[in-house]
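Please open the model in your viewer and keep the sequence panel beside it, since each stop on this tour begins with a selection.

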Amino acid sequence: MANRSHYDSFLDRSKRIMWQDDCYMDLQSSSSSPVAQTDTEDSVWIQQHQQQFCRFSTGPFLQQMITHLKSMNVLSPCEEARIQRAAQLADQVTALISVLLSGKSSSGFSVMRHFVEKSDSLEAQLIIKHDVSVQEHKDVLLRRCGEHRDKVNMSHLCLLLVEEQSDLQQKEHDLMQVQATHGNQRRLQKELSLSTLLEPLTQASTSPRLSLTIGVAGVGKTTWIRHLVRMWSRGAICPDISFVLPFSCCELNSLEKVSVEKLLKMAFPHLPEAIVLSSSCRSLLILDGLDHFRSTLNFTETDACSDPKKEVSMAICWIVADTLKFIIQSNQGSQPNLPRTCTELFAHFCLMKAEIGEPRGRESVKSELLHMSNRKLMWSLARLAFNALVRHKYSFSEQELRAYGIDQALQQCSLGRAVLKHEESLISTVYRFTHLCIQEFFAAVYYYVSSKRAIFDLFSESTVSWPKIGFQNHFRNSFHYSQKDDSGHFDVFVRFLSGLLNPNALTPLSALVALWKDDGSQKAWAAGFIHSLLSDSGPLVSLRSVNLAYCLYELQHMELLRSVEEDLRQGSLSVKMCRAQCVVLSFLLHVSPECSLQTNLSHCLNYSSVKSLLPQLLYCNHLRLENNQFKDDVMELLGSLLSAKDCHIRKLSLADNSITNKGVKAISRALLVNRTLTSLNLRSNNIGSKGVKFLAEALKTNQALVSVNLQNNGIDKEGAHAAAEVLKCNRNLVYLNLKKNLIGAEGVKNIAEALKTNRSLKTLVLCSNQVGDKGTAALAEALRANHTLLSLQLQCNSISNKGTAALTEALRLNHGLLSLNLRENSIGVNGAQNMAKALYKNRTLQELDLTANLLHDEGVQAIAGAIKFNQSLRSLHLQWNFIKSAATKALAQALLHNTALQLLDLQENAIGNEGIASLAEALKSNASLQTLCLQGVSAGTAGVVALAESLTTNQSLQSLDLRGNAVGIEGAKALANALKTNRTLKSLNMQENSLGMDGAIFLATALKGNTQLSYLNLQGNGVGQSGAKVISDAIKNSAPGCDVHI
């Protein structure tokens, strides 16, 4: 087909012999008339432009065509009616072309084409010129993109779409963005390919769409833009976009006033403005480098300008890497003093760039060794940077550079090449600092030097202002100017200015700038001044006030910063935090990943301090606000915090406060929009069933929260019913704690019914809820159907043998439950026997807690018989169950066969030496048991000696608890001898065992050859203070890695 088409086109071209520009002879068919040939061409032209006709025709334009065709007698009223019957405008255009194709007259297409070509309407221009203009524009963009050789292959990379635009990211300096997020990725994000970049995010998205790509300098934003333009120009993405119009904000900064029409003529002279600006064309406007734009941009609140002729006003990583590399290489053979502040870092950066090509040793370079051009350029750049920063100007023309004495020669010196960037375009040639931070640093250097001798306000653009004499007045004025500027443009500037009072920052700069020396008095004064601002920084701790703490850090005045950090880590902040502490705390949340990862503000806040800290608590990950006596008014504040788009909080603990259902209502409203919080702890409040209902309504919508703790909140069966409704519809909640409430059997029945269909909940805590046998039976019924619940906690619920019978019957069929807690109930021998029958069948249960029941020897013997065969159980708690030696012997026999059990708890049972001896014998061959709890089991010397003998051969036991027995000196001696050879035991608790000084010394000396034991408790053994010191010193020398309590 391709060859035939080419052959036909060849014939088509060769059959024409040109006589004049507008006529030719047809050699192929002498019988065809010129009129017929013209009609054929017109028909082809119309069909080639049919898509454009359908896309760009408007109602009035179509009606004008129809009227013209009727006036030329090529369209009948009947055919017009047929066209009008089509529902959509595009269908009417298609119908018109179909009518002309099937019409008797062959001149219809000629008339239609003539009408379009003679029309001066926008629709006609779009039909004729659109495709040609688009292709020409693509060719131009491809040529421009070809001038840039990007080092990174972007073809397989994706952007990260952050759901909801961040207030912080919209407004702040990129240095602040890195510090506030610690370089971490935001959780609410997903990969977004270029092909889907411009698709509507929701059905409610309207034009014009705004997309903001955010990242620190050097991350690849401009490279992505070039990649997008290149892909569109090749037709690989976004075919529905007619024109992509990329602009650099640095170029736009050179223009004072410009209209859209004029801007298009300057940047893209090949494009017809009328077509590009038509509402029928989809155009993509790209602004690269918004952080360098001199005017404030607010796309969300500014009214759109619909007049294209209206003129409107236009307004860190590589630095760190290069500088540190330079410092380390310059101090080969010695330990380098690395910069501790940003000011020190940028000072070394300037020195490094000024010294490129100069030899450097360990001694500091003298000023006369540096080229004078760098000194002159440093001061000229500093003047330019400050004066431009005051006017929010970030790009400069060559004429402006010359006005500050920066000629081509200075631009080409080493420092000039490092800090100035030169960019050319069709619009203009501009210069800018390679990073905004560099401009701010140079501005601070100028202000620092000038403030010593200036007599007028340096921030005033007027030559006359109120006198300001002396450094302190100017320093105070700079902070006043910074605090007054809501945009935050001077925050980093005052940080650098404060940092220049640090002698470590002045040393590298002394070779480049004539600096005045400070004897320390100005630094001390500045620290006091900043402290005073900390205490008077307004009702809220804003980013402006947090910047004051940054200034203290740059100044290296660390007393307050270290004090608050230490108190925060130890959980010992004062009961009521002062204003300065709140600001410093906010600073720590910005800069310290450790502090923000888990922030313990328990027992130290009130309503006022929460209100002041509110904007900065956004950056916490795990926020603990326990035991603060918070009432419902604080919950309103926290609700607003959780509703914020920048909220990072994942875990929130409000335990032990005074929150009622009103407070929970505020939190619940926030949960309707919050998508970061995964854990909410409301333990020991007073929310009641009404509060649970509010929370339940939110959880029906919220899909982020996975853990909820409602322990001890006065919740009755109505609240349980609300919780059950959540379990029926919520598919993400995995942990629900309802311990110590008033749910009762009826409430548990509702929850059990929900569990039959729920497949997400993994842990359900119903301890101390008056569940009883009826409630237990309902839960047992649920376990027959639910195989996804992993842990069921039923401690202290008056469950007897009857309830246990139903539960154990379900365990025979259930193959999902891993942990079952039945502590402190009324389970007797019969219940234990039923549990044994379940353990014969069940192959999934791993943890079983039967502490403080009424099992006796007979019941435990039944369970021991099952353990011989059960190979799934890992942990068995039998504390306080009236067990004696007979049951212990049965358990020992089970251990000879069982290879799965890792923990056995037999505390507070009258096992005696006989029972201990049987366990010891089993340990000689058992290779699975890791923890053995034998506190208060009436063990004497004989039993412990047998146990010690087993430790010489046992290779699995890691923790042994023998508290509250009567081991004595001989028992201690036997254990000491065993420790000399045993290499698996890591924890040994010998508390309150009548060891005396001699017994304790035996155990202490045994550690000399034992490096595995990491915990030893010898408290309550009559050692005395002097003996404790002797033993402690001996252990420090022989086993420094062992944690010993004496």
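Begin by selecting Asp 656, which you will find in the loop between strand S13 (651-653) and helix H32 (661-671). The model is a predicted one, and in it Asp 656 has a positive phi of about 60 degrees although it is not a glycine. As background to that value, most residues other than glycine have a negative phi. With a relative accessibility of 29%, Asp 656 counts as partly exposed.

Select Ser 994 next, in the loop between strand S25 (987-989) and helix H44 (996-1006). Ser 994 likewise is not a glycine and has a positive phi, here of about 55 degrees. Its relative accessibility is 58%, so Ser 994 counts as exposed, the cut-off for that class being over 50%.

A third loop holds Gly 235, which lies between helix H11 (221-233) and strand S5 (243-248). Gly 235 counts as partly exposed, at 47% relative accessibility. Add Gln 135 to the selection and draw a distance between the two C-alpha atoms: they are separated by 10.0 Å, although Gly 235 and Gln 135 are 100 residues apart along the chain.

Now turn to the aromatic rings, of which the structure holds 26 pairs. Select Tyr 481 and Phe 490, whose rings form an edge-to-face pair with 5.1 Å from centre to centre and 90 degrees between the planes. Phe 490 is buried, with a relative accessible area of 0%. Widen the selection to Trp 379, Phe 386, Tyr 446, Tyr 447, Tyr 481, Phe 490 and Phe 493, and you have a cluster linked by ring pairs.

Another edge-to-face pair appears when you select Tyr 550 and Phe 587, with 4.9 Å between the ring centres and 90 degrees between the planes. Because Tyr 550 lies in helix H26 (residues 543-555) and Phe 587 in helix H28 (residues 579-591), this pair ties together parts that are 37 residues apart in sequence. Both Tyr 550 and Phe 587 are buried. While Tyr 550 is on screen, add Arg 495, whose charged end sits over the ring of Tyr 550, 3.7 Å from its centre. A lysine can be viewed over a ring as well: select Lys 138 and Trp 232, and you will see Lys 138 over the face of Trp 232, at 5.0 Å from the ring centre.

Return to the two helices that carry the Tyr 550 and Phe 587 pair, and show them as ribbons. H26 and H28 pack with their axes 9 Å apart, at an angle of about 80 degrees, and are therefore roughly perpendicular to each other. On the H26 side, select Leu 543, Ser 545, Val 546, Ala 549, Tyr 550 and Tyr 553, which meet Val 583, Ser 586, Phe 587, His 590 and Val 591 in H28. By class, the residues of this contact of H26 with H28 are eight nonpolar, three polar and no charged.

For the last stop, select helix H42 (residues 941-951) and helix H43 (residues 968-979), whose axes come within 8 Å and cross at roughly 0 degrees. That angle makes H42 roughly parallel to H43. Showing side chains here brings up Thr 941, Val 944, Val 945, Ala 948 and Leu 951 in H42, which meet Glu 970, Gly 971, Ala 974, Leu 975 and Ala 978 in H43. The residues of the contact of H42 with H43 divide into seven nonpolar, two polar and one charged.

Terms used
Residues numbered from 1 in each chain as written. Predicted model: local features only at pLDDT ≥ 70, side-chain atom pairs only at ≥ 80, totals over all residues. Heavy atoms only, no water. Phe/Tyr/Trp six-rings, centres within 6.5 Å; stacked < 30°, edge-to-face > 60°. Buried < 20%, exposed > 50% of the residue type's maximum accessible area, 1.4 Å probe, protein only. Helix = DSSP H or I, 4+ residues; strand = E, 2+ residues; numbered from the N terminus. Lys NZ or Arg CZ within 6 Å of the ring centre and 35° of its normal. Axes fitted to C-alpha atoms, helices over the stretch in contact; angles between N-to-C directions. Parallel < 35°, antiparallel > 145°, perpendicular 65-115°, else oblique. Contact = heavy atoms within 4.5 Å. Nonpolar A, V, L, I, M, F, W, Y, C, P; charged D, E, K, R; others polar.
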